Amino acid sequence: MNKTDIQTAHNLLAQKQKIVVIPHRNPDGDAMGSTLGLSIFLKALGHEVQVISPNEFPDFLAWMPESQKVVIFEKTTQKAKEILAEASLVFTLDFNALHRTGELMEQTLKELTVPFLMIDHHEKPDDYASYIFSDINYGSTCEMVYHFISELGKEDLINQQIASCLYTGIVTDSGSFKYPNTTSTTHRVVASLLEKGAKNAEIHNLLFDNNSYNRLKLLGRALENMVVLPELQTAYILLSQKDLDEFHFQKGDTEGIVNYPLTIKGIVFSVIFIENYQEKIIKMSFRSQGNFDVNLFARNHFSGGGHKNAAGGKSVLSLTESEKRFLEVLKEDNPTKL
Ligand code: 5GP
Ligand code: MN
(Lines give C-alpha, C1' and ligand atoms only; values in the text may rest on other atoms or scores of the structure.)
(Ligands and ions follow the chains in the order given, each with its own letter.)
Protein backbone atom coordinates (compact mmCIF):
# COMPACT_ATOMS: atom_id res chain seq x y z
CA MET A 1 0.00 0.00 0.00
CA ASN A 2 1.60 3.28 -1.03
CA LYS A 3 1.29 6.55 0.87
CA THR A 4 -1.62 7.87 -1.23
CA ASP A 5 -3.57 4.69 -0.67
CA ILE A 6 -3.02 4.66 3.06
CA GLN A 7 -4.03 8.33 3.15
CA THR A 8 -7.23 7.47 1.29
CA ALA A 9 -7.94 4.61 3.68
CA HIS A 10 -7.22 6.99 6.53
CA ASN A 11 -9.69 9.54 5.12
CA LEU A 12 -12.39 6.93 4.55
CA LEU A 13 -12.01 5.66 8.08
CA ALA A 14 -12.09 9.19 9.50
CA GLN A 15 -15.90 9.14 9.36
CA LYS A 16 -18.05 6.51 11.00
CA GLN A 17 -18.78 3.83 8.41
CA LYS A 18 -20.91 0.74 8.04
CA ILE A 19 -18.32 -1.78 7.00
CA VAL A 20 -18.61 -5.33 5.71
CA VAL A 21 -15.47 -7.48 5.81
CA ILE A 22 -15.35 -10.52 3.52
CA PRO A 23 -13.04 -13.56 3.28
CA HIS A 24 -12.92 -15.95 0.31
CA ARG A 25 -15.24 -18.93 -0.01
CA ASN A 26 -14.10 -21.96 2.02
CA PRO A 27 -12.17 -19.62 4.30
CA ASP A 28 -8.95 -20.89 5.86
CA GLY A 29 -7.02 -19.70 8.91
CA ASP A 30 -5.61 -16.68 7.10
CA ALA A 31 -8.95 -15.63 5.61
CA MET A 32 -10.76 -15.94 8.97
CA GLY A 33 -7.87 -14.50 10.98
CA SER A 34 -7.56 -11.45 8.78
CA THR A 35 -11.30 -10.71 8.54
CA LEU A 36 -11.96 -11.22 12.27
CA GLY A 37 -8.78 -9.38 13.30
CA LEU A 38 -9.50 -6.44 11.01
CA SER A 39 -13.16 -6.28 12.00
CA ILE A 40 -12.37 -6.17 15.73
CA PHE A 41 -9.87 -3.39 14.96
CA LEU A 42 -12.40 -1.42 12.88
CA LYS A 43 -14.94 -1.72 15.70
CA ALA A 44 -12.34 -0.36 18.10
CA LEU A 45 -12.04 2.62 15.72
CA GLY A 46 -15.76 3.22 16.21
CA HIS A 47 -17.23 1.73 13.03
CA GLU A 48 -20.19 -0.57 12.65
CA VAL A 49 -18.72 -3.79 11.28
CA GLN A 50 -20.04 -7.14 10.09
CA VAL A 51 -18.04 -10.08 8.75
CA ILE A 52 -19.88 -11.95 6.00
CA SER A 53 -18.33 -15.24 4.90
CA PRO A 54 -19.52 -16.71 1.58
CA ASN A 55 -19.96 -20.15 3.20
CA GLU A 56 -19.28 -21.96 6.48
CA PHE A 57 -15.82 -21.81 8.03
CA PRO A 58 -14.22 -25.03 9.32
CA ASP A 59 -14.84 -26.20 12.86
CA PHE A 60 -11.20 -25.98 13.85
CA LEU A 61 -11.53 -22.18 13.61
CA ALA A 62 -14.73 -21.94 15.65
CA TRP A 63 -12.78 -20.92 18.78
CA MET A 64 -11.66 -17.68 17.12
CA PRO A 65 -12.78 -14.42 18.72
CA GLU A 66 -16.10 -13.19 17.29
CA SER A 67 -16.34 -16.11 14.85
CA GLN A 68 -19.84 -16.84 16.15
CA LYS A 69 -21.00 -13.40 14.95
CA VAL A 70 -20.06 -14.13 11.33
CA VAL A 71 -23.00 -14.08 8.91
CA ILE A 72 -22.87 -16.89 6.35
CA PHE A 73 -24.01 -15.64 2.93
CA GLU A 74 -25.04 -19.04 1.56
CA LYS A 75 -26.98 -19.90 4.73
CA THR A 76 -28.76 -16.63 5.53
CA THR A 77 -28.63 -15.03 2.12
CA GLN A 78 -31.42 -12.50 2.63
CA LYS A 79 -29.92 -11.19 5.85
CA ALA A 80 -26.47 -10.99 4.26
CA LYS A 81 -27.85 -9.11 1.26
CA GLU A 82 -29.60 -6.62 3.53
CA ILE A 83 -26.39 -5.93 5.45
CA LEU A 84 -24.46 -5.53 2.19
CA ALA A 85 -27.08 -3.13 0.82
CA GLU A 86 -26.61 -0.94 3.91
CA ALA A 87 -22.81 -0.98 3.82
CA SER A 88 -20.84 2.18 3.10
CA LEU A 89 -17.51 0.39 2.72
CA VAL A 90 -16.44 -3.17 1.89
CA PHE A 91 -13.12 -4.80 2.74
CA THR A 92 -12.22 -7.98 0.85
CA LEU A 93 -9.44 -10.00 2.43
CA ASP A 94 -7.22 -12.85 1.29
CA PHE A 95 -8.54 -13.03 -2.27
CA ASN A 96 -7.90 -11.35 -5.58
CA ALA A 97 -11.09 -11.75 -7.65
CA LEU A 98 -14.77 -11.47 -6.71
CA HIS A 99 -15.57 -14.91 -8.14
CA ARG A 100 -13.60 -16.33 -5.19
CA THR A 101 -16.70 -15.61 -3.09
CA GLY A 102 -18.80 -18.01 -5.20
CA GLU A 103 -21.27 -17.23 -7.98
CA LEU A 104 -24.14 -16.11 -5.82
CA MET A 105 -22.23 -13.70 -3.64
CA GLU A 106 -20.13 -12.41 -6.54
CA GLN A 107 -23.32 -11.26 -8.25
CA THR A 108 -24.46 -9.35 -5.17
CA LEU A 109 -21.04 -7.74 -4.68
CA LYS A 110 -20.87 -6.63 -8.30
CA GLU A 111 -24.08 -4.66 -7.89
CA LEU A 112 -22.70 -2.58 -5.00
CA THR A 113 -21.46 0.92 -5.71
CA VAL A 114 -19.65 1.66 -2.43
CA PRO A 115 -15.84 1.69 -2.25
CA PHE A 116 -14.05 -1.65 -1.95
CA LEU A 117 -10.71 -2.02 -0.22
CA MET A 118 -8.64 -5.12 -0.94
CA ILE A 119 -5.88 -6.52 1.25
CA ASP A 120 -4.40 -9.64 -0.33
CA HIS A 121 -1.27 -11.59 -1.18
CA HIS A 122 -2.38 -13.60 -4.24
CA GLU A 123 -1.01 -13.19 -7.76
CA LYS A 124 -2.76 -11.04 -10.36
CA PRO A 125 -5.41 -9.06 -8.44
CA ASP A 126 -8.53 -8.08 -10.37
CA ASP A 127 -9.38 -4.44 -10.67
CA TYR A 128 -12.60 -4.22 -8.63
CA ALA A 129 -11.29 -2.38 -5.59
CA SER A 130 -10.85 1.37 -5.29
CA TYR A 131 -7.97 0.86 -2.89
CA ILE A 132 -5.63 -2.04 -3.19
CA PHE A 133 -2.95 -3.33 -0.84
CA SER A 134 -1.81 -6.37 -2.82
CA ASP A 135 1.65 -7.87 -2.50
CA ILE A 136 2.64 -11.47 -3.20
CA ASN A 137 5.77 -11.14 -1.10
CA TYR A 138 3.79 -11.41 2.10
CA GLY A 139 3.27 -14.90 3.46
CA SER A 140 -0.19 -14.09 4.79
CA THR A 141 -2.97 -11.53 4.62
CA CYS A 142 -2.85 -11.42 8.42
CA GLU A 143 0.68 -10.05 8.29
CA MET A 144 -0.55 -7.41 5.83
CA VAL A 145 -3.43 -6.45 8.13
CA TYR A 146 -0.86 -5.90 10.88
CA HIS A 147 1.08 -3.53 8.59
CA PHE A 148 -2.16 -1.84 7.52
CA ILE A 149 -3.03 -1.10 11.15
CA SER A 150 0.50 0.00 11.83
CA GLU A 151 0.50 2.33 8.76
CA LEU A 152 -2.67 3.91 10.11
CA GLY A 153 -0.68 4.62 13.27
CA LYS A 154 -3.03 2.51 15.39
CA GLU A 155 -0.85 -0.34 16.62
CA ASP A 156 -1.84 0.56 20.15
CA LEU A 157 -5.38 -0.67 19.38
CA ILE A 158 -4.15 -4.22 18.77
CA ASN A 159 -5.48 -6.14 21.74
CA GLN A 160 -5.26 -9.81 22.65
CA GLN A 161 -8.23 -10.75 20.44
CA ILE A 162 -6.84 -9.04 17.35
CA ALA A 163 -3.37 -10.43 18.07
CA SER A 164 -4.77 -13.97 18.34
CA CYS A 165 -6.61 -13.65 15.03
CA LEU A 166 -3.59 -12.28 13.16
CA TYR A 167 -1.26 -14.84 14.73
CA THR A 168 -3.56 -17.62 13.52
CA GLY A 169 -3.36 -16.59 9.88
CA ILE A 170 0.39 -16.09 9.98
CA VAL A 171 0.89 -19.56 11.48
CA THR A 172 -1.48 -21.39 9.12
CA ASP A 173 -0.35 -19.69 5.89
CA SER A 174 3.34 -20.07 6.71
CA GLY A 175 3.11 -23.79 7.57
CA SER A 176 4.11 -22.83 11.12
CA PHE A 177 6.85 -20.46 9.89
CA LYS A 178 8.51 -22.94 7.52
CA TYR A 179 7.61 -21.57 4.07
CA PRO A 180 10.16 -19.39 2.25
CA ASN A 181 8.11 -16.18 2.45
CA THR A 182 8.47 -16.21 6.23
CA THR A 183 10.79 -13.23 6.70
CA SER A 184 12.53 -11.50 9.56
CA THR A 185 9.68 -8.98 9.38
CA THR A 186 7.17 -11.81 9.85
CA HIS A 187 8.97 -12.79 13.03
CA ARG A 188 9.03 -9.18 14.23
CA VAL A 189 5.28 -8.95 13.64
CA VAL A 190 4.81 -12.23 15.51
CA ALA A 191 6.96 -10.97 18.40
CA SER A 192 4.75 -7.94 18.64
CA LEU A 193 1.57 -10.06 18.52
CA LEU A 194 2.89 -12.22 21.38
CA GLU A 195 3.59 -9.05 23.36
CA LYS A 196 0.00 -7.98 22.72
CA GLY A 197 -1.22 -11.20 24.30
CA ALA A 198 -1.51 -13.85 21.56
CA LYS A 199 -0.93 -17.20 23.28
CA ASN A 200 1.20 -19.09 20.78
CA ALA A 201 1.17 -22.55 22.40
CA GLU A 202 -2.56 -22.42 23.07
CA ILE A 203 -3.36 -21.34 19.50
CA HIS A 204 -1.17 -24.07 17.99
CA ASN A 205 -2.94 -26.57 20.19
CA LEU A 206 -6.39 -25.32 19.14
CA LEU A 207 -5.41 -25.40 15.47
CA PHE A 208 -3.43 -28.58 15.17
CA ASP A 209 -4.10 -30.83 18.16
CA ASN A 210 -7.84 -30.91 17.82
CA ASN A 211 -8.26 -33.83 15.41
CA SER A 212 -11.19 -36.17 15.60
CA TYR A 213 -10.42 -39.90 15.38
CA ASN A 214 -12.28 -39.92 12.05
CA ARG A 215 -10.09 -37.21 10.64
CA LEU A 216 -6.96 -39.21 11.38
CA LYS A 217 -8.57 -42.28 9.83
CA LEU A 218 -9.37 -40.19 6.73
CA LEU A 219 -5.74 -39.08 6.62
CA GLY A 220 -4.79 -42.77 6.76
CA ARG A 221 -7.05 -43.50 3.79
CA ALA A 222 -5.62 -40.56 1.87
CA LEU A 223 -2.07 -41.79 2.42
CA GLU A 224 -3.12 -45.28 1.34
CA ASN A 225 -4.63 -43.81 -1.84
CA MET A 226 -1.51 -41.80 -2.65
CA VAL A 227 0.10 -42.40 -6.05
CA VAL A 228 3.80 -41.57 -6.26
CA LEU A 229 5.47 -40.82 -9.59
CA PRO A 230 9.15 -40.45 -8.64
CA GLU A 231 10.27 -39.93 -12.25
CA LEU A 232 8.07 -36.81 -12.41
CA GLN A 233 8.88 -35.73 -8.82
CA THR A 234 5.13 -35.78 -8.34
CA ALA A 235 2.64 -37.48 -6.03
CA TYR A 236 -1.13 -37.21 -5.85
CA ILE A 237 -4.06 -38.34 -3.73
CA LEU A 238 -7.65 -39.09 -4.71
CA LEU A 239 -10.38 -38.89 -2.09
CA SER A 240 -13.79 -40.02 -3.25
CA GLN A 241 -17.06 -38.92 -1.71
CA LYS A 242 -17.32 -42.51 -0.49
CA ASP A 243 -14.03 -42.15 1.41
CA LEU A 244 -15.28 -38.90 2.93
CA ASP A 245 -18.63 -40.39 3.92
CA GLU A 246 -17.01 -43.44 5.47
CA PHE A 247 -15.16 -41.24 7.94
CA HIS A 248 -18.04 -38.80 8.48
CA PHE A 249 -16.24 -35.94 6.78
CA GLN A 250 -16.55 -32.54 8.45
CA LYS A 251 -15.48 -29.30 6.80
CA GLY A 252 -11.76 -28.79 7.42
CA ASP A 253 -10.96 -32.50 7.72
CA THR A 254 -8.99 -32.53 4.46
CA GLU A 255 -7.07 -29.35 5.28
CA GLY A 256 -3.32 -29.93 5.06
CA ILE A 257 -3.45 -33.49 3.71
CA VAL A 258 -1.99 -32.26 0.40
CA ASN A 259 1.23 -31.37 2.21
CA TYR A 260 2.08 -34.94 3.19
CA PRO A 261 3.34 -36.16 -0.22
CA LEU A 262 5.89 -33.32 -0.21
CA THR A 263 7.57 -34.91 2.78
CA ILE A 264 8.68 -37.79 0.54
CA LYS A 265 12.29 -37.33 -0.53
CA GLY A 266 12.46 -36.15 -4.14
CA ILE A 267 8.78 -35.19 -4.41
CA VAL A 268 8.29 -31.48 -5.13
CA PHE A 269 4.77 -31.43 -6.61
CA SER A 270 1.71 -32.67 -4.77
CA VAL A 271 -1.95 -32.69 -5.72
CA ILE A 272 -5.11 -33.77 -3.94
CA PHE A 273 -8.44 -34.40 -5.69
CA ILE A 274 -11.48 -34.25 -3.43
CA GLU A 275 -14.79 -35.36 -4.80
CA ASN A 276 -17.78 -33.21 -3.80
CA TYR A 277 -21.16 -34.66 -4.83
CA GLN A 278 -23.08 -31.70 -3.51
CA GLU A 279 -21.19 -29.09 -5.54
CA LYS A 280 -20.72 -31.51 -8.45
CA ILE A 281 -17.02 -30.71 -8.70
CA ILE A 282 -13.67 -32.20 -7.88
CA LYS A 283 -11.87 -29.68 -5.66
CA MET A 284 -8.16 -29.75 -6.32
CA SER A 285 -5.29 -28.45 -4.22
CA PHE A 286 -1.75 -28.07 -5.51
CA ARG A 287 1.45 -27.65 -3.52
CA SER A 288 5.07 -27.45 -4.59
CA GLN A 289 8.53 -26.93 -3.22
CA GLY A 290 11.02 -24.72 -5.07
CA ASN A 291 10.53 -23.39 -8.58
CA PHE A 292 7.62 -25.39 -9.95
CA ASP A 293 4.80 -22.83 -10.16
CA VAL A 294 1.50 -24.38 -9.12
CA ASN A 295 -0.34 -21.07 -9.49
CA LEU A 296 0.39 -21.29 -13.23
CA PHE A 297 -0.42 -25.01 -13.31
CA ALA A 298 -3.80 -24.41 -11.63
CA ARG A 299 -4.59 -21.42 -13.82
CA ASN A 300 -3.58 -23.11 -17.06
CA HIS A 301 -5.25 -26.48 -16.54
CA PHE A 302 -7.80 -26.45 -13.71
CA SER A 303 -9.59 -23.05 -13.62
CA GLY A 304 -7.80 -22.04 -10.46
CA GLY A 305 -4.90 -20.05 -9.11
CA GLY A 306 -3.25 -18.99 -5.90
CA HIS A 307 0.44 -18.71 -5.14
CA LYS A 308 3.61 -20.13 -6.66
CA ASN A 309 3.84 -22.94 -4.07
CA ALA A 310 0.17 -23.31 -3.04
CA ALA A 311 -2.85 -23.10 -5.29
CA GLY A 312 -6.31 -24.49 -5.79
CA GLY A 313 -8.55 -25.33 -8.69
CA LYS A 314 -11.40 -27.56 -9.77
CA SER A 315 -12.58 -30.04 -12.33
CA VAL A 316 -16.14 -30.75 -13.44
CA LEU A 317 -15.23 -34.18 -14.78
CA SER A 318 -15.69 -37.35 -12.73
CA LEU A 319 -12.96 -38.30 -10.28
CA THR A 320 -11.50 -40.91 -12.64
CA GLU A 321 -11.70 -38.60 -15.65
CA SER A 322 -10.11 -35.78 -13.66
CA GLU A 323 -7.23 -38.07 -12.75
CA LYS A 324 -6.83 -39.06 -16.43
CA ARG A 325 -6.83 -35.45 -17.54
CA PHE A 326 -4.30 -34.57 -14.85
CA LEU A 327 -1.98 -37.37 -16.00
CA GLU A 328 -2.26 -36.13 -19.59
CA VAL A 329 -1.39 -32.57 -18.63
CA LEU A 330 1.38 -33.77 -16.32
CA LYS A 331 3.26 -35.37 -19.23
CA GLU A 332 4.03 -31.90 -20.57
CA ASP A 333 3.89 -29.78 -17.45
CA ASN A 334 5.80 -31.17 -14.47
CA PRO A 335 8.77 -30.23 -12.27
CA THR A 336 11.29 -32.09 -14.45
CA LYS A 337 10.46 -29.78 -17.38
CA LEU A 338 11.81 -26.67 -15.62
P1 5GP B 1 -6.28 -24.55 -1.09
O2 5GP B 1 -5.63 -25.59 -1.88
O3 5GP B 1 -5.85 -24.56 0.35
O4 5GP B 1 -7.75 -24.47 -1.29
O5 5GP B 1 -5.75 -23.16 -1.67
C6 5GP B 1 -4.39 -22.86 -1.77
C7 5GP B 1 -4.23 -21.41 -2.14
O8 5GP B 1 -4.76 -21.18 -3.44
C9 5GP B 1 -4.98 -20.46 -1.21
O10 5GP B 1 -4.21 -19.30 -1.07
C11 5GP B 1 -6.27 -20.19 -1.93
O12 5GP B 1 -6.77 -18.95 -1.60
C13 5GP B 1 -5.86 -20.27 -3.40
N14 5GP B 1 -6.94 -20.86 -4.22
C15 5GP B 1 -7.64 -21.98 -3.96
N16 5GP B 1 -8.55 -22.22 -4.94
C17 5GP B 1 -8.42 -21.22 -5.83
C18 5GP B 1 -9.10 -20.89 -7.05
O19 5GP B 1 -9.99 -21.59 -7.53
N20 5GP B 1 -8.69 -19.75 -7.68
C21 5GP B 1 -7.70 -18.95 -7.19
N22 5GP B 1 -7.35 -17.85 -7.87
N23 5GP B 1 -7.04 -19.22 -6.04
C24 5GP B 1 -7.39 -20.34 -5.37
MN1 MN C 1 -3.78 -16.32 2.66
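## Two loop residues with positive phi

Glu66 is found in the loop that runs between β2 (48-53) and β3 (71-72). In this model, which is predicted, Glu66 has a positive phi of about 70° although the residue is not a glycine. Its relative accessibility is 21%, and because buried means under 20%, Glu66 counts as partly exposed.

A second residue, Asn26, also has a positive phi without being a glycine, with a value near 50°. Asn26 is placed in the loop between β1 (18-22) and α2 (29-44), and at 34% relative accessibility Asn26 counts as partly exposed.

## The crossing of α6 and α8

Helix α6, which covers residues 160-173, and helix α8, which covers residues 200-208, have axes that come within 11 Å of each other and cross at roughly 60°. Because of that angle, α6 is classed as oblique to α8. The crossing in which α6 passes α8 is right-handed.

On the side of α6, the residues that take part in the contact are Ser164, Tyr167, Thr168, Val171 and Thr172, and on the side of α8 they meet Asn200, Ile203, His204, Leu207 and Phe208. Sorted by character, the residues of this contact between α6 and α8 divide into five nonpolar and five polar, with no charged residue among them.

## The six-stranded sheet

Six strands form an open sheet with mixed pairing, and their order across the sheet is β7-β8-β9-β10-β12-β11. The edges of this sheet are formed by β7 (227-229) and β11 (305-306), each of which pairs on one side only.

At the β11 edge, the neighbouring strand is β12, made of residues 310-315, and β11 and β12 run antiparallel and are joined by two bridges. Within this pairing, Gly306 stands opposite Ala311 of β12. A helix also lies against the sheet: α9, made of residues 213-225, packs on it and touches both β7 and β8 (234-239), and the direction of α9 makes about 130° with that of β8.

## Points to check in the structure

Which strands does α9 touch where it packs on the sheet? They are β7 and β8, so that one of the two strands in contact with α9, namely β7, is also an edge strand.

Which residues of α8 are met by α6? They are Asn200, Ile203, His204, Leu207 and Phe208, and in the contact as a whole no residue is charged.

Notes. Residues are numbered from 1 along each chain as its sequence is written. Chains are lettered from A and ligands numbered from 1 in the order in which they are written. This is a predicted model: local features need pLDDT of at least 70, side-chain atom pairs count only at pLDDT 80 or more; totals for chains, interfaces and linings use all residues. Side-chain values use heavy atoms; hydrogens and water are left out. Axes are lines fitted to C-alpha atoms, for helices over the stretch in contact, and angles run from 0 to 180 degrees between N-to-C directions. Helices (H or I, at least four residues) and strands (E, at least two) are DSSP runs, numbered from the N terminus. Angles under 35 degrees count as roughly parallel, over 145 as roughly antiparallel, 65 to 115 as roughly perpendicular and the rest as oblique. A crossing is left-handed if the near helix is turned anticlockwise from the far one by less than a right angle, and right-handed if clockwise. Contact means heavy atoms within 4.5 Å. Ala, Val, Leu, Ile, Met, Phe, Trp, Tyr, Cys and Pro count as nonpolar, Asp, Glu, Lys and Arg as charged, and the others, Gly among them, as polar. Buried means under 20% relative accessible area, exposed over 50%, partly exposed in between (1.4 Å probe, protein chains only). Two strands pair if DSSP finds at least two bridges between them.
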